[in-house]
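Please walk me through this structure as if I were sitting at the viewer with you. Tell me what to select at each stop, and what I should look for there.

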Amino acid sequence: MAKKSKSNDEKNINANPSSAQPLRIRKRIVLDFPPQVVQTPLTYILAKEYDVASNILRAEIAPEESGKLVMEMDGLPDMVEKALGRIKEMGINVTEIARKVTFNMDKCIHCGACVSVCLAGALKLDKDYHLQFIEPKCTVCEMCVSACPVDVVEIDI
Amino acid sequence: MERTIEEINEKIVLSKALVLTALEAKELISEKGIKYFLSNVDLVTCASFEMLTNALLYLSFGQTDPLIYFSEAYINNVYSLPAGPTDLAVSSVTASRDNPEYSGSNVIEDLVLGKDLQLKATGKVLPVFPNKEFDTWFNLSNLNCARVFFNQLINQNNIVATNSGDKDIDSHMGTLIGKVENSTFNSSGFLNPLLNDPYCKTLGTGTRIWVAGGNAYITGFGSNHNPCQKRNKYGIPVGPAITLSGFVDLYKIDPKWLRAGYLRSFGPVLFVGVGVPIPVLNEEIANYISITDDKINTTIVDFSIPRRTKPTFGQCTYSELRTSTVMINDKPTLTAPLSSMAGAIQICNILKEAILNKEFYLTKPVEDINLKCDHKKLDSRLSEGVN
Ligand code: SF4
Ligand code: SF4
């Protein structure tokens with residue numbers, strides 16, 4: 001059950017809600033395996049040593065041949081970076097897929113529904129209450145895509 | 001200082017009325033005081049561009065040859081209820097048979113966009129109405145009448161939604177991230193007509209209003225009307241309270257201000273622009289118009305429990321909410337609106353222009369809004385109906 005609390009007029013309301021905990025990011029990558037590393041239990045290593053969850057989106061691997069893997073990594077930013085370094089050390093060629101969200105501003109009604117789910121702080125309403133997208137802060141978590149009621153946000157791959 | 005609606009209308013005719021938007025009115029009051037405002041300003045335009053969850057579209061078609069009496073009909077595959085031989089009613093929340101994300105809301109939007117829609121109807125086959133089936137494409141210009149009835153067009157105040165559970169919840173208040181990570185609210189605050197006239201002193205059944213650019217009228221109180229909600233010392237309710245219903249003719253609508261939307265795990269919604277002129281009749285009304293966001297409270301509700309009575313986390317003001325961070329259970333929490341303030345500000349200006357251009361006059365309500373407390377709840381009754 002939720003605790004009841006009194007009105008909180010005097011408290012500091014400007015504290016940054018996203019500073020408490022670093023946010024997980026998602027990265028999509030293409031891996032090209034040389035034949036000798038195809039057998040490596042990659043997803044196990046990523047999960048165990050880096051707490052990075054990996055979601056395999058496409059796999060073209062045959063035993064004792066080279067292979068290709070498209071996967072999504074989900075983890076804390078520095079851990080994802082370290083994991084990527086480790087993968088490269090194994091002799092696997094890594095290509096990042098640049099994903100980004102784009103806002104079709106002609107359709108935007110500036111309601112703010114996307115702002116409420118952007119814990120990364122990449123979406124704001126400016127002083128005239130218009131939506132502002134601060135792209136460098138965007139972690140491409142994609143929460144805003146389904147939060148927008150009028151289909152303004154699209155994912156670019 | 002008192003003035004009447006008739007006097008203000010005369011001034012509009014003579015281009016002598018001083019009209020301000022709610023935003024301008026509040027700035028003027030904080031600068032020059034209530035007395036100055038009361039003696040100089042005749043009229044203030046208020047607006048909302050909020051998310052609505054219920055609407056009913058009513059369409060009147062002409063007769064077919066041979067004649068038809070609709071028995072079943074679909075518009076763009078959305079079930080449409082026959083309401084007379086050639087009349088159909090479409091609920092904004094009925095989904096299409098082949099696309100759960102296309103609904104009656106989209107039918108309304110497509111009509112005002114001037115798009116062609118597909119009608120598939122079957123007839124009852126009666127002696128005078130022998131037509132068995134009728135398929136056609138139509139648009140707004142082929143209809144004899146197209147109007148939308150909104151049974152909850154204007155909402156006085158709303159809640160702040162948050163979620164203390166572990167899992168995210170998709171709701172009609174947007175996506176609520178677990179562990180009180182975010183919160184949402186749906187009100188245009190100090191611009192909202194019912195927060196500028198909290199006891200409906202100038203509004204009532206028959207009051208002409210601006211809805212998405214079309215001619216619209218208030219038809220009385222609406223769904224979830226709860227006028228006896230607790231109020232703060234300024235007379236502002238601290239949660240959902242008065243609601244007003246209204247209908248609008250679709251013919252003059254500007255599609256910019258009527259937008260169909262879809263919320264995951266909830267369904268169809270509509271964003272509808274509403275503009276309401278509030279005449280500055282006397283000091284009491286001037287005092288209400290002076291109320292700013294810091295004097296408008298709302299209640300923070302925990303959605304983690306899907307019951308009628310939900311736990312609350314106390315209250316906050318709209319000025320706190322507008323900072324984007326609000327304290328909930330001692331935790332700074334991200335908060336954002338679901339209703340467009342930018343849109344509401346623009347509507348205030350459009351309505352102001354329409355009045356100054358003598359395209360819009362004030363109407364006196366023909367009946368007051370019922371402010372008696374009678375908010376009923378629906379409980380199950382185990383015995384049979386008693387007649
Ligand atoms: S994807 Fe959307 S919600 Fe996620 S960080 Fe980027 S802008 Fe914010
Ligand atoms: S939710 Fe969609 S319409 Fe609303 S502000 Fe964000 S992008 Fe614009």
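Here is a tour that goes from chain A to chain B and ends where the two meet. Keep in mind that this is a predicted model.

**Stop 1: the two domains of chain A**

Start by colouring chain A by domain. The domain assignment gives domain 1 as residues 25–97 and domain 2 as residues 100–156. If you mark the C-alpha centre of each domain, you will find the two centres 30 Å apart.

**Stop 2: ligand 1**

Now select ligand 1 and the residues around it. There are 13 of them, and those that come nearest are C118(A), A120(A), C138(A), C141(A) and C144(A). What classes of residue make up the shell around ligand 1? Colour them by class and you get 11 nonpolar, one polar and one charged.

**Stop 3: ligand 2**

Move on to ligand 2, which has 14 residues around it. Coming nearest are C108(A), C111(A), C114(A), C148(A) and V152(A). By class, the shell around ligand 2 holds 12 nonpolar and two polar residues, with no charged ones.

**Stop 4: a helix with two sides**

Switch to chain B and select helix α2(B), residues 22–32. Which of its residues are buried? They are A22(B), A25(B), K26(B) and I29(B). These residues cover an arc of only 95° around the axis, so they sit on the same side of α2(B). The general rule behind such a pattern is that an α-helix has 3.6 residues a turn, so residues three or four places apart point the same way.

Turn the helix around: on the other side of α2(B), E31(B) and K32(B) are exposed. To see what covers the buried residues, show the neighbouring parts of chain B, including β1 (19–21), α3 (34–40), β2 (43–52) and α8 (341–356). Before leaving, click on G33(B), just after α2(B), which takes a positive phi of about 90°.

**Stop 5: a run of paired strands**

Next, select strand β8(B), residues 133–138, together with β7(B); the two pair in the antiparallel sense over six bridges. Within this pairing, F134(B) in β8(B) is the bridge partner of A121(B).

Add β4(B), residues 70–75, which pairs with β7(B), residues 117–123, in the antiparallel sense over five bridges. Here A121(B) in β7(B) stands opposite A73(B).

Carry on to β5(B), residues 78–82, which runs antiparallel to β4(B) and is joined to it by three bridges. Look across the pair to find Y74(B) opposite Y79(B) in β5(B). The hairpin of these strands, β4(B) and β5(B), has two residues between the strands, and N76(B) takes a positive phi near 45°.

Finally, add β6(B), residues 87–91, joined to β5(B) by two bridges and also running antiparallel to β5(B). L81(B) stands opposite A89(B) in β6(B). How many residues lie between β5(B) and β6(B) in their hairpin? There are four, and G84(B) in the turn has a positive phi of about 140°.

**Stop 6: where the chains meet**

Show both chains together for the last stop. Here 43 residues of chain B are in contact with 30 residues of chain A. Several elements of chain B give two or more residues to the side that touches chain A, among them β19 (267–279), β21 (312–317) and α8. The largest share of that side comes from β23(B), with six residues. Colour the side of chain B that touches chain A by class, and you will find 19 nonpolar, 18 polar and six charged residues.

Terms used
Residues numbered from 1 in each chain as written. Chains lettered and ligands numbered in written order. Predicted model: local features only at pLDDT ≥ 70, side-chain atom pairs only at ≥ 80, totals over all residues. Near = placed C-beta within 6 Å. Nonpolar A, V, L, I, M, F, W, Y, C, P; charged D, E, K, R; others polar. Pairing = 2+ DSSP bridges. Domains from an automatic or database assignment. Buried ≥ 20, exposed ≤ 12 C-beta atoms within 10 Å, placed from the backbone. Arc of directions from axis to C-beta. Contact = placed C-beta atoms within 7 Å.
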